[in-house]
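The following exercises ask the reader to locate residues and helices in a structure and to reason about their surroundings. Each task is followed by a worked solution.

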Amino acid sequence: MSSVRVLLLYPRFAQDSFWRNLELARLKGARCMAPPLGLITVAALLPAHWEARLCDLNARTLDPADLAWADVVFVSGMLPQRQEALAAVAAMQAAGKVVVVGGPDVSSSPEAYAAADFRVLGEAEATLSAFVEAWEGGARSGLITAPEERPDVSRTPVPRFDLLHLPDYLFVGVQFSRGCPFTCEFCDIIELYGRVPRTKTAEQMLAELDALYALGYRGHVDFVDDNLIGNKKAVKAFLPHLIAWQQAHGHPFHFSTEASLNLADDTALLDLMAKAGFYLVFVGIESPDPEVLRSTQKKQNTRRDIAASVHRIYAAGMVVIAGFIVGFDNEAPGAADAMAELIEEAAIPVVSLGLLYALPDTQLSRRLEREGRMFPLKEEDFQHGDQTGAGLNFATLEPRIDVLRRYREVYARVYAPRAFFGRIRRLSELVGRQEGGVTSTEPPAPPEPIDVRQLLADLGRLFGVLATVTWRHPRAAVHIWPVALRGLKRLDRLEQLLSLALFYMHLGPFSRKVVRDVSRQIAEIEAGRWVDPREAAPAQSPLRAAE
Ligand code: B12
Ligand code: SF4
């Protein structure tokens, strides 16, 4: 059987995103945020006689020798990569290659990728073999759709981490589960990956960590699960294995993940996660208003004191980054104050604050479509890296200008330097203070003896980082130094607190840009220049659906 050579191409992300923290990446000597876990998983699923090479265009330029080598090019990506993905499809075809597209955006909006030779929808575990069969049978174009039943991820092979140039990345992803049991109206996860979380086995996960460890990788590993605790029983069974693995290997990794707020209700789970080395959790809070939460079907955040829930996660030793959204249908007039106050009270320094964006193929976009409120897709939707710029892609019930003013107010308030660093200060009092809420069932472990040489090495490294920040970002450094000095009182938490403070190198300038951009949109409306896109003539864009 002759070998087939596959070039895996990961398109560049749109500029200007909350998530594109290149300042932090560069400070750590990396070139971009995270590697394309989807593509390296696809590579692992290829038959043994197929070969693969990877080019992540966020980190490197395409080597012409790799292009010449390839028989076929695989392109993946999410919504903010669509523009670059379609440009890559055209460029690869112009170079005479057959192009196969797949991944979350292709699966959500296959019609937008009609120009590609092959479109392979859904999870590759369920569809790649059909593509391989078609290719080996001589087909050079086609559409392969996902079967009804979602694949069992306990048979997913270890992703091909060996294809990565690991120093290019700020962190590396692994995945334990896919899917989430909740039903949030705006969420595309439950459409893409389903509502029954499917999990890998402990052996599989440890094999993934072994592979990363053997490649020499150390440091930050992100569990990219949409909700790590979607299947609590499974994660609770896995964590003791992870704890043992970390101990046996001298704690080479620290972990972040995403979880729903009901994590705060389970002290045993919090305890296990902290022991395994989880230090950061992203939580979707979305709104302080129970009515809004109910109407967007985020019921797990209602009937609880949200700030107290966040504090329980802090008490267990993990810091929280939270998502909030402005632009829901039934927001109350005082919503800006309530949101800013909750962020303050909960002491969450880093918040991803988005304008509601109806992602393709979600309950929300289907409802808005039925109500005649969806705007047609426009090119700008793909030029913005996230929902700060591309938000409100539908007709709001209250005047659009009021929603934009509310959004600007919350953004400006929470990212004022005094507010941001004030929250870090308060967080430093809360994190890892067990008396704040978590009561472990086990007797407290005796304090570990301090390794003075290690401590001095760590401090030297941290202050080296601070010197670089002072040189490159003097405006942010003025605020970051006091956090570091204050952190000397919490040496056990210094690195955790400092890593949040360093976000300000990116979020300081980024928040000022968001406020300027939103002000421009407000001025357009005030001047009567904003036209409802449903009334404007349809734009002819290569990014629109081909039909
Ligand atoms: C980690 C992650 C990130 C990371 C980095 C990702 C990276 N470098 O690749 C960060 C935090 C930077 C990020 C940011 C954003 N993200 Co993101 N992210 C994820 C997350 C949680 C995991 C991605 C992952 O590694 N999955 C694991 C792999 C194994 O799954 P997979 O990629 O789907 O791949 C499988 C299949 O899709 C398929 N496949 C994939 N590629 C290909 C290619 C071919 C040829 C074939 C045949 C098959 C195939 O096979 C794979 C194995 O089954 C996903 C959710 C999810 N569950 O995937 C969201 C997700 C991809 N992100 C999303 C979005 C919208 C964003 C943001 C815009 C944030 C926001 N919500 O505002 C930003 C934009 C980034 C930017 N501008 O810089 C959406 C995409 C929606 C869409 N329709 O495209 C997702 C689905 C979730 C969500 N709703 O937020 N993200
Ligand atoms: S909790 Fe998160 S992943 Fe789950 S449905 Fe809601 S938004 Fe989606």
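A crossing of two helices is called left-handed if the near helix is turned anticlockwise from the far one by less than a right angle, and right-handed if it is turned clockwise. The model examined here is predicted.

**Exercise 1. Describe how helices α9 and α10 pack against each other.**

Solution. Begin with the axes: those of α9 (residues 232-248) and α10 (residues 267-276) come within 9 Å and cross at roughly 30°. Angles under 35 degrees count as roughly parallel, so α9 is roughly parallel to α10. The handedness of this crossing is left-handed. Next, identify the residues that meet. From α9 these are Lys232, Lys236, Leu239, Leu242, Ile243 and Gln246, and from α10 they are Leu269, Leu272, Met273, Lys275 and Ala276. Sorted by class, the contact has seven nonpolar, one polar and three charged residues. A general point helps in reading such lists: an α-helix has 3.6 residues a turn, so residues three or four places apart point the same way.

**Exercise 2. Determine whether Phe278 is buried or exposed, and find its contacts.**

Solution. Phe278 belongs to strand β12 (residues 278-286). A residue is buried if 20 or more other C-beta atoms lie within 10 Å of its own. Phe278 has 24 C-beta neighbours inside 10 Å and therefore counts as buried. Apart from neighbours within four places in sequence, Phe278 is in contact with Phe255, Thr257, Met273 and Met318. Of these, Phe255 is 23 residues away along the chain, yet the C-alpha atoms of Phe278 and Phe255 are separated by 4.4 Å. Met273 also appears among the α10 residues that meet α9.

**Exercise 3. Establish how far helix α12 is enclosed, and by which elements.**

Solution. Helix α12 covers residues 306-315, and eight of its 10 residues are buried, so the helix is largely enclosed by the rest of the structure. The buried residues are Ile306, Ser309, Val310, His311, Arg312, Ile313, Tyr314 and Ala315. Their cover includes α10, β12, β13 (319-326), α13 (335-346) and α18 (417-430). After α12 comes Gly317, with a positive phi near 110°.

**Exercise 4. Which residues does Val351 touch?**

Solution. Val351 is found in strand β14 (residues 351-355). With 25 other C-beta atoms within 10 Å, Val351 is buried. Residues up to four places away in sequence being left out, Val351 touches Ala322, Phe324, Ile343 and Val414.

**Exercise 5. Where do His251 and Asp361 lie, and what is the sign of phi in each?**

Solution. His251 lies in the loop between α9 and β11 (253-258). Its phi is positive, about 50°, although His251 is not a glycine. His251 has 13 other C-beta atoms within 10 Å and is therefore partly exposed. Asp361 is placed in the loop between β14 and α14 (363-370). Phi of Asp361 is likewise positive, near 55°, in a residue other than glycine. Asp361 has 14 C-beta neighbours inside 10 Å, so Asp361 counts as partly exposed.

**Exercise 6. List the residues around ligand 2 and classify them.**

Solution. The residues around ligand 2 are Cys180, Phe182, Cys184, Cys187, Ile189, Ile190, Asp226, Asn227, Ser260 and Gly284. The shell divides into six nonpolar, three polar and one charged. For this sorting, Cys, Phe and Ile count as nonpolar, Asp counts as charged, and Gly is among the polar residues.

How values were computed. Residues are numbered from 1 along each chain as its sequence is written. Chains are lettered from A and ligands numbered from 1 in the order in which they are written. This is a predicted model: local features need pLDDT of at least 70, side-chain atom pairs count only at pLDDT 80 or more; totals for chains, interfaces and linings use all residues. A residue is near a molecule or strand if its C-beta atom, placed from the backbone, lies within 6 Å of it. Helices (H or I, at least four residues) and strands (E, at least two) are DSSP runs, numbered from the N terminus. A residue is buried if 20 or more other C-beta atoms lie within 10 Å of its own, exposed if 12 or fewer, and partly exposed in between; C-beta atoms are placed from the backbone. Two residues are in contact if their C-beta atoms, placed from the backbone, lie within 7 Å. Axes are lines fitted to C-alpha atoms, for helices over the stretch in contact, and angles run from 0 to 180 degrees between N-to-C directions. Angles under 35 degrees count as roughly parallel, over 145 as roughly antiparallel, 65 to 115 as roughly perpendicular and the rest as oblique.
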